[in-house]
Amino acid sequence: MSYILYAWLASLLYAVNAILAKLTSKHTIKNPLLLTFIWNLFVLIFSLFLLPALPAKEVSQLTWPTAWPSLLAAAGLWALTGVTFVVLLFALDVSAFAPLYNLRTVFGVLLGVYFLGEKLTATQGLSVAVIFVFGVLANLDERFRLRALLKPVLLLALVHMFLLALYAAAVKVAIADNGYWNVFYWTAFLSQFLLLLTIPLFRR
């Protein structure tokens, strides 16, 4: 299977995940921190069930990490974006939230330009601007008032997208330092450990 097909499959599954999380937040679990904790726990459990299915060559790569800073950054950002993701699902409709994910691409490109020295062509720069403008305009209210874009929840959504771009960059560095499967499992474990700090807030 080509990487393009993997990308399409990931996009589809992520959309289904958002809808299921929204339904859960509306009908089952009313506390966003509790939902984040359970959601991340299921990811960790699924990862552990996946382990026996991995080829022996891949399992042998699971070792004690050699570079902790990038791994801790990835785990911390994963836990933080998990919280902001669920909080935003409680506050926004999926139809309003989903278009904002295009902004993650914008932030990712800008991070690549400013921190990695990557170059943009004029066409690419124009494409980034179009994605940003229409991603934001998708959240205008029915009267097309620009004031609607200044709501705190939309500002939080912008922060969430920026953190997702940072997370992707941290994961890339962590994989280069520790290997893919080390990052996959250690990030799941460490982020769940960090989310233990939210347990006292489950009843609020």
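Okay, let me start with helix α1, because one count there caught my eye: α1 gives 13 residues to the lining of the largest pocket, and that's the largest share from any element. Before I go on, please keep in mind that what you're looking at is a predicted model.

So, the pocket itself. How much space lies in it? About 1,700 Å³. The elements that put two or more residues into its lining are α1, α2 (32–50), α4 (68–91), α5 (94–97), α6 (102–116), α8 (152–178) and α9 (180–195). In total the lining has 37 residues, and if you want to find the centre on your screen, look for A10, Y14, W78, R104 and Y167, which lie nearest to it. What sort of residues make up that lining? By class, 31 are nonpolar, 5 are polar and 1 is charged.

Let me step back to the overall layout. The protein has 9 helices and 0 strands. Walk along from the N terminus and you read α-α-α-α-α-α-α-α-α. There are 204 residues, and 37% of them count as buried.

Now, besides the pocket, there's a cavity to show you. The structure holds 1 cavity of 30 Å³ or more, and the volume of the largest cavity is about 40 Å³. Which residues line it? They are Y14, W39, W78, T81, G82, F85, H160 and L164. You may remember Y14 and W78 from the pocket, where they're among the residues nearest the centre. Two helices, α4 and α8, each supply at least two residues of the cavity lining, and α4 has the largest share, with 4 residues. Sorted by class, the cavity lining comes out as 5 nonpolar, 3 polar and no charged residues.

Last stop: the surface. There's a nonpolar patch of about 630 Å² out there, made by L9, L12, L13, V16, I19, L20 and L23. Take L13 as one member to click on. It's found in helix α1, which covers residues 3–27, so we're back at the helix I opened with. Is L13 buried or exposed? Its relative accessible area is 51%, and the cut-off for exposed is over 50%, so L13 counts as exposed.

To recap: α1 brings 13 residues to the lining of the largest pocket, the largest cavity draws its largest share of lining from α4, and L13 in α1 is part of that nonpolar surface patch. That's my tour, thanks for listening.

How values were computed: Residues numbered from 1 in each chain as written. Predicted model: local features only at pLDDT ≥ 70, side-chain atom pairs only at ≥ 80, totals over all residues. Heavy atoms only, no water. Patch = residues over 30% accessible without salt bridge, like charges linked within 9 Å, V, L, I, M, F, W, Y side chains within 5 Å. Areas by Shrake-Rupley, 256 points an atom, 1.4 Å probe, with all protein chains shown as cover. Salt bridge = Lys/Arg side-chain N within 4 Å of Asp/Glu carboxyl O. Buried < 20%, exposed > 50% of the residue type's maximum accessible area, 1.4 Å probe, protein only. 1 Å grid on protein atoms, 1.4 Å probe; cavity = no way out; pocket = protein on both sides within 12 Å on 5 of 7 lines; lining within 4 Å. Points joined across faces, edges and corners; volume = space filled by probe spheres on them. Nonpolar A, V, L, I, M, F, W, Y, C, P; charged D, E, K, R; others polar.
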